[in-house]
Structures are given as C-alpha cells and as structure tokens.
Amino acid sequence: MNPYAIFNQTKRQRVSDGMMRSLLENCETASHILILVWPQLGDFDSLEYAWWLQRAAEQLADKKLAIRAVGIGNLGSGKKFCEYTGFPPENLFVEPNAELHCQLNLYSGLNVSLPGLSQSQKAWLNLLLMCAGIGSPGTLAEVFRGYKGDRQAPQLIKDDEIIQATPLPAFQGSFFQLAGGSGFQRPFELATLRLRNMMEVLKNWHSYVPDSAYLTQRGGTFLFDTKGQLVYEHRDRGILGFAANMSQPLSFLSLIERDICAQ
C-alpha cells in the first residue's frame, strides 16, 4: 500500500480537541499536503523539525501547504509539545505505539538485546548506542556540526534574542558573533538550541515520553500533490537525520513550485 493510501485511511487523536480525526481532514483546498511522521514528541528530531517549521511559518502560509504531523505520545505529550514549540495543535496528531510508523515501514532503530532487560531498558540501551552512531548513520557528524558551525546553513539565533538554555546563564544572541561573525550558522549555535530542547524534555520527561519503549523509532517526511501523488519522501535513517539536507532541512519544499509549474 502506498503512503497516501495509508494516510487517507488513518485516524488519530488530534491535539487541539482530543478527537479521533482523519489525518487528511480539511486538506481539500491545499496545493500540496505535507505529512510529517515524527518519532517521540520528546525526541531531538521532532523538536528541531518543529523549530524549523515555525521559523518558516510565514513563507509556508504563502504556499497554501497543508501540514499535518503525527508524533509518538499521548494527548498530554502533544499539548506540551505545542506549548513549547508553537506548532499548531490542530495540525498535530498523537500515536501511542508507533503503529503508523510500522505501516509505513519506517526505521524502528537499533535492536540489540541483552538477557534480563525489560522492553524499556532495551530501548534505552539501543538509544544510547544510536547516539554513539551505532545503527544510526550520520548522527555523530551531525552532532559535531552543531558545535563547529556550518557556513551552508543560515544564522539560527537573532542578535537581539535572549537565550536561556540551562545550565548556561542567559545570554544575548549577539554573543555568537564572537565565534565567527553573522549570516550563517556559527560554532555552538545549533548545539545551544539542542541543549535548550534537551533540558525542556528532561524537565518534563514523563509528559513528553509516556512510554519509553519507542525511544529508537525514527520518522519520515512525505509531500503529496492534490491528487495524492508522492512528490517527495525522506525516511530517517538515524537520530538527527530527519532531513536529506540538515543544513537546510526544508529545502525540499522548493519542489512545490517546480511541481506546480509542471502541472
């Protein structure tokens, strides 16, 4: 079964009202439909993806693009996620057990097992191994990119923005100019955003991750035209691998204009 057919038949709990609704409800007038299947809502990838979407919110509105996201968690997870990231709760659905991920054949993560481990302990073991790059290609390189900077990526933090990322003291975004200038992703800039996300999740762990059995599950990105034809897909292969181009994670959306011109 193709991804669109799966999404078209899928109903999940919508965060805005707690109702079980179709993922594709109210997408009829959109020029394109972007479906984001996220891992745990407390995962690095989910939080960072939502950050990029909020950053580009105005430009995305001009594209008449319908965006729907499904993340692993419960209603409480979804509400906390939207509160922190600003992602619209009417566009977020929650998935308790990665059933949709399984239907789409998305990467469930490393599956190393040791005798006597519970399912939760096994998930933690495999998550730690994946964070070390085992069974998670590209993760270590992406971690290092967050520290060393990236001249192919845009500046992420405004100079007048106040950054609060415990345990660091609050500081102004202009501090990053000391690390190399402006107009691109400076050293430690992305790492600081990731630290802020990590501290948010750790402070509210049970809200974001009600079931740790799915810690290793990865997600995927699916872009469709109005006829349900797949324009683009990306299937995550590891942690911090939610885009083909992590320097410009939303660059694939340029395909929308090309697709419209071809119609």
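Is Asn105 buried or exposed? Asn105 is exposed, with a relative accessible area of 66%. That residue gets a view of its own below; every view here comes from a predicted model.

**View 1. The lining of the largest cavity.** Searching the whole structure turns up 1 cavity of 30 Å³ or more. The largest cavity has a volume of about 40 Å³. Look for Glu48, Trp51, Leu190, Leu193, Arg194 and Asn197 around the space, since these are the residues that line the largest cavity. Sorted by class, that lining comes out as 3 nonpolar, 1 polar and 2 charged residues. Helix 2 (44–55) and helix 8 (189–203) each put at least two residues into the lining. Helix 8 gives the largest share, with 4 residues.

**View 2. Helix 8 and what packs around it.** Helix 8 runs for 15 residues, and its first and last C-alpha atoms are 22 Å apart, close to the 21 Å expected at 1.5 Å a residue. How many of the 15 residues of helix 8 are buried? The count is 11, so helix 8 is largely enclosed by the rest of the structure. Starting from the beginning of the helix, the buried residues include Glu189, Leu190, Ala191, Thr192 and Leu193. Arg194, Leu195, Arg196 and Asn197 are buried too, and so are Glu200 and Val201. What do these buried residues pack against? Their partners are helix 2, helix 4 (75–85), helix 7 (139–148), strand 6 (162–163), strand 7 (171–172) and helix 9 (205–208). Leu190, Leu193, Arg194 and Asn197 from the buried set also turn up in the lining of the largest cavity.

**View 3. Helix 2, from its start onwards.** At the start of helix 2, a side-chain oxygen of Asp43 comes to within 2.8 Å of the backbone nitrogen of Asp45. The helix has 12 residues, which should span 16 Å at 1.5 Å a residue; its end C-alpha atoms sit 17 Å apart, and that agrees. Which residues of helix 2 are buried? They are Asp45, Ser46, Leu47, Glu48, Tyr49, Ala50, Trp52 and Leu53. Glu48 is worth picking out, as this buried residue is also one of those lining the largest cavity.

**View 4. Thr85 and its partners.** Thr85 lies in helix 4. With a relative accessibility of 13%, Thr85 counts as buried, because the cut-off is under 20%. Leaving out residues up to four places away in sequence, Thr85 touches Leu47, Ala50 and Gln54. Leu47 is 38 residues away along the chain, yet its C-alpha atom and that of Thr85 are separated by 7.0 Å. The Thr85 side chain also has backbone partners: it reaches the backbone oxygen of Phe81 at 2.8 Å, and one of its polar atoms lies 3.1 Å from the backbone nitrogen of Phe87.

**View 5. Asn91 alongside Arg68.** Asn91 is placed in the loop between helix 4 and strand 5. At 16% relative accessibility, Asn91 counts as buried. Its side chain makes a polar contact with the side chain of Arg68, at 3.2 Å. Setting aside neighbours within four places in sequence, Asn91 is in contact with Ile67, Arg68 and Ala69.

**View 6. Positive phi values at Ala98 and Asn105.** Most residues other than glycine have a negative phi. Here, Ala98 has a phi near 65°, a positive value. Ala98 lies in the loop between strand 5 (92–95) and helix 5 (99–103), and at 7% relative accessibility it counts as buried. Asn105 has a positive phi as well, near 60°. You'll find Asn105 in the loop between helix 5 and helix 6 (119–131). As for the opening question, Asn105 is exposed at 66%, whereas Ala98 is buried.

**View 7. Ser247 and the residues it touches.** Ser247 lies in the loop between strand 9 (230–235) and helix 10 (254–262). Ser247 counts as buried, with a relative accessibility of 12%. Which side chain makes a polar contact with the side chain of Ser247? The partner is Asp150, at 2.4 Å. Not counting residues up to four places away in sequence, Ser247 touches Trp52, Arg145, Asp150, Gln152, Ala153 and Pro154. Trp52 is one of the buried residues of helix 2, so the name will be familiar from View 3.

Technical notes:
Residues are numbered from 1 along each chain as its sequence is written. This is a predicted model: local features need pLDDT of at least 70, side-chain atom pairs count only at pLDDT 80 or more; totals for chains, interfaces and linings use all residues. Side-chain values use heavy atoms; hydrogens and water are left out. Buried means under 20% relative accessible area, exposed over 50%, partly exposed in between (1.4 Å probe, protein chains only). A polar contact is a pair of N or O atoms within 3.5 Å; within protein, one must be able to donate a hydrogen and the other to accept it, and residues adjacent in sequence count only if both atoms are side-chain atoms. Contact means heavy atoms within 4.5 Å. On a 1 Å grid over the protein atoms alone, a cavity is a set of points where a 1.4 Å probe fits but cannot get out, and a pocket is an open set with protein on both sides within 12 Å along at least five of seven lines; lining residues have an atom within 4 Å of a point. Grid points are joined across faces, edges and corners, and a volume is the space filled by probe spheres set on the points. Ala, Val, Leu, Ile, Met, Phe, Trp, Tyr, Cys and Pro count as nonpolar, Asp, Glu, Lys and Arg as charged, and the others, Gly among them, as polar. The expected span of a helix is 1.5 Å times one less than its number of residues.
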